[in-house]
Amino acid sequence: CAEMFAGEASWDPELGAAILVVDGSRLVFFENKKTAMVDGMPFELSRKPVLSKVKLLIPFDSLCEMLSRGVDQVGAAEFVVGEPNQ
């Protein structure tokens, strides 16, 4: 997701959280918690992030909402993401 939105991603093992910095916003996703953080403010996710063997899988719809971007599913595995809302 960080690549898709030209951001940076890191993993904090002490928090058990993925940290994304996108468009100047700091997004923190915690493993198995339905609440994330956007610039220090809580944000309710549509689903809990799940840790796979190599990455934290986060709900894409919630990520787009956090970034104020619309998202439409146009195929089985194809999405169109809008520009940030002004």
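This is a short walk through one predicted model, taking the sheet, then its turns, then the helix, then the largest pocket.

I'll start with the sheet. Five strands form an open sheet, with the order 1-2-3-4-5 and antiparallel pairing. As general background, strands of a sheet pair through backbone hydrogen bonds, either parallel or antiparallel. Back to this model: the 5 strands are in the order 1-2-3-4-5. At the edges stand strand 1 and strand 5, each with a single partner strand, so each has one side without a neighbour in the sheet. On average, neighbouring strands of this sheet are turned by 25° against each other, direction ignored.

Next, strand 3, which covers residues 25-30. Is strand 3 largely enclosed or largely open? Of its 6 residues, 5 are buried, so strand 3 is largely enclosed by the rest of the structure. Burial here means a relative accessible area under 20%.

Strand 3 runs antiparallel to strand 2, and 6 bridges join the two. One of the residue pairs to look at is Val21, whose bridge partner in strand 3 is Arg26. With strand 4, strand 3 is again antiparallel, joined by 2 bridges. There, Val28 has Met37 of strand 4 as its bridge partner.

Now the turns, with the backbone angles in them. Strand 2 and strand 3 make a hairpin with 2 residues between them. Asp23 sits in that loop, and its phi is near 50°, a positive value in a residue other than glycine. The hairpin of strand 3 and strand 4 has 4 residues between the strands, and Asn32 takes a positive phi near 60° in it.

Which residue has a positive phi of about 50° although it is not a glycine, further along the chain, in the loop between strand 4 and strand 5? That is Asp39, with a phi of about 50°, placed between strand 4 (35-38) and strand 5 (41-44). Asp39 is partly exposed, at a relative accessible area of 47%.

On to the helix. Helix 1 spans residues 60-66, and Glu65 lies in it. Glu65 is exposed, with a relative accessible area of 53%. From C-alpha to C-alpha, Glu65 and Leu45 are 9.4 Å apart in space, while they are 20 residues apart in sequence.

Last, the largest pocket. How much space lies in it? About 230 Å³. Its lining consists of Cys1, Ala2, Ala9, Ser10, Trp11, Ala18, Leu20, Phe29, Lys55, Leu56 and Ile58. Two elements give two or more residues to this lining, strand 1 (8-12) and strand 2 (17-22). The largest share, 3 residues, comes from strand 1. By class, the lining residues are 9 nonpolar, 1 polar and 1 charged.

To recap for the discussion: the sheet is open and antiparallel, with 5 strands. Strand 3 has 5 of its 6 residues buried. Strand 1, which gives the largest share of the pocket lining, is also one of the edge strands.

Conventions:
Residues are numbered from 1 along each chain as its sequence is written. This is a predicted model: local features need pLDDT of at least 70, side-chain atom pairs count only at pLDDT 80 or more; totals for chains, interfaces and linings use all residues. Side-chain values use heavy atoms; hydrogens and water are left out. On a 1 Å grid over the protein atoms alone, a cavity is a set of points where a 1.4 Å probe fits but cannot get out, and a pocket is an open set with protein on both sides within 12 Å along at least five of seven lines; lining residues have an atom within 4 Å of a point. Grid points are joined across faces, edges and corners, and a volume is the space filled by probe spheres set on the points. Ala, Val, Leu, Ile, Met, Phe, Trp, Tyr, Cys and Pro count as nonpolar, Asp, Glu, Lys and Arg as charged, and the others, Gly among them, as polar. Buried means under 20% relative accessible area, exposed over 50%, partly exposed in between (1.4 Å probe, protein chains only). Two strands pair if DSSP finds at least two bridges between them. Axes are lines fitted to C-alpha atoms, for helices over the stretch in contact, and angles run from 0 to 180 degrees between N-to-C directions.
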